[in-house]
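Q: Got a minute to walk me through this model? I'd like to start with the ligand.

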Amino acid sequence: MSSADNRGTTFGLRIALWYATLFVLGSMAIVFVTYYLTSLSLAQRDRQIIDAKLGEYTSAYARGGVEGLAETVRAEQQTAPERLFVRIITRRSDAVVLSNPDGWDPNRLETAQLRLPDGTVVQVGKSTEARDDLLARFRAALGLVTLTIVFVALTGGWLATQTALSPIRRLTLAVRRIIRTGRTDQRVPAAGTGDALDELTVLFNAMLDRIEGLVSAMRGSLDNVSHDLRTPLTRLRGAAEMALAAPPDLDRYREALADCVEESDRVLVMLNTLMDISEAESGAMQLQREPVPLTEVVTRAVDLYHDVAEAKGVTLVPEVSDTSEVSDTSGTATVSGDRTRLEQVAANLIDNAVKYTPSGGRVDVTIRREQDRAILEVRDTGIGIPADEVPRIWDRLFRGDTSRTERGLGLGLSLVKAIVEAHGGTVSVSSAVGKGSVFSVSLPASSL
Ligand code: ADP
């Protein structure tokens with residue numbers, strides 16, 4: 001048995017002992033009270049019998065004097081001789097013992113006496129033997145009962161704690177197995193009782209699901225990164241190799257070096273973006289916060305893509321172009337954030353919208369304020385996103401099947417999401433294939 005098992009057993013034993021002690025103490029209290037009350041009522045009954053007898057003797061004396069009394073006692077002794085001891089002491093102090101003279105032992109008798117008007121003392125005693133016998137038998141029975149109670153309390157306590165601790169033991173086993181094997185696909189069977197321990201088990205399994213999801217996402221990212229790094233690096237190596245293999249030629253060298261620079265830039269951009277995403281997600285990203293009107297952010301991003309959109313035949317319409325309108329409707333959409341990062345957000349969304357919208361399409365960028373949120377919306381009439389891809393577009397290095405012909409690393413939306421969430425905001429998308437998509441960013445607005 002390992003030390004953890006030992007701990008579980010000691011814990012169970014401790015609870016069982018506590019339970020048994022309380023149970024036994026409670027039961028003992030009941031047993032003692034019962035015994036006490038029984039012996040009390042037996043004594044009381046004896047006393048009542050004696051008192052009644054004395055009453056009878058008083059009236060016998062009243063009827064026939066000492067002689068009459070002696071007659072009554074004698075008659076009684078004949079019918080039920082064993083029941084009572086009677087002693088009559090006359091005034092001249094000679095004891096006239098009328099019954100059981102040998103058995104008169106005040107230590108084993110419950111006695112009472114009565115002085116008659118002529119000075120005669122009548123004593124009546126009742127043997128406590130029968131009562132003591134009864135109580136002794138009662139004590140023996142109670143002893144047995146007590147033993148049974150202790151036994152029941154100990155086994156009951158032990159069984160109860162074992163049952164109560166078994167879900168915890170199952171959890172411990174599962175955790176230990178996971179630690180030993182490193183496999184997070186193990187689950188703890190829930191008892192389905194719906195109690196606190198069952199809930200803990202369910203939560204524990206849910207936590208394992210989550211960890212498994214995160215680990216496999218990380219593995220997936222790592223695979224994707226390795227895969228995506230291989231292409232530019234292979235090309236880089238190919239360009240250098242070909243230039244070296246050919247006869248020396250300055251122009252060819254230049255061209256090869258230019259290719260190398262281009263490919264290494266690609267790699268660098270990818271690595272930098274990946275690091276930015278990680279920083280933003282982990283909260284380590286340094287945000288140079290300042291009040292930033294979203295209109296300014298959008299104006300810059302739209303400026304950046306104006307030419308690209310025009311060349312592609314896509315109409316890029318920012319709602320911010322009319323300054324008077326800006327101050328009326330969206331002037332309050334100011335957020336406390338990092339200007340450069342927010343520009344990256346807008347630029348990435350507009351870049352995607354233009355990229356995935358065929359010629360003749362349209363991209364609208366709007367800003368508005370909704371209570372305490374500043375909303376940035378980029379709407380396009382492009383190719384749209386298939387429903388099964390929607391949940392994955394925010395994953396690192398994910399690229400839609402139909403998007404592979406376009407340039408891109410599959411990191412734009414991951415960065416957008418990470419930056420927006422680092423600012424305390426949320427991003428969402430609604431999209432219809434062939435009709436277009438709407439990306440919406442909601443950020444906490446600065447108070448007015
Ligand atoms: P990429 O470099 O491929 O654009 P992103 O992370 O920016 O990477 O986007 C991930 C995927 O989401 C894209 O490959 C594309 O399939 C889809 N996507 C993003 N924006 C749009 C859009 N405006 N319209 C259609 N599909 C989009």
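**Ligand and helix H4**

A: Sure. Of the 20 residues around the ligand, those that come nearest are Asn 352, Tyr 356, Asp 380, Arg 399 and Ser 403; near means a heavy atom within 4 Å. This is a predicted model, where local features need pLDDT of at least 70, side-chain atom pairs count only at pLDDT 80 or more, and totals for chains, interfaces and linings use all residues. Numbering runs from 1 along each chain as its sequence is written, and side-chain values use heavy atoms, with hydrogens and water left out.

Q: Which polar backbone atoms sit by a ligand oxygen, and how far off?

A: One of Leu 409 is 3.1 Å from a ligand oxygen, and one of Leu 413 is 2.9 Å from a ligand oxygen.

Q: How much of the ligand does the protein cover?

A: It covers 98% of the 530 Å² of accessible area that the ligand has on its own (Shrake-Rupley method, 1.4 Å probe).

Q: Which helix gives the most to the shell?

A: H7, with three residues. Helices here are DSSP runs of H or I, at least four residues, numbered from the N terminus.

Q: Switching to H4: what do its buried residues pack against?

A: Helix H3 (196-245), H7 and H8. Among the buried ones are Cys 260, Val 267 and Leu 274; buried means under 20% relative accessible area (1.4 Å probe, protein chains only).

Q: And what comes just after H4?

A: Gly 283, with a positive phi of about 85 degrees.

Terms used. Polar contact = N/O pair within 3.5 Å; in protein donor to acceptor, adjacent residues only side chain to side chain. Helix = DSSP H or I, 4+ residues; strand = E, 2+ residues; numbered from the N terminus. Buried < 20%, exposed > 50% of the residue type's maximum accessible area, 1.4 Å probe, protein only. Contact = heavy atoms within 4.5 Å.
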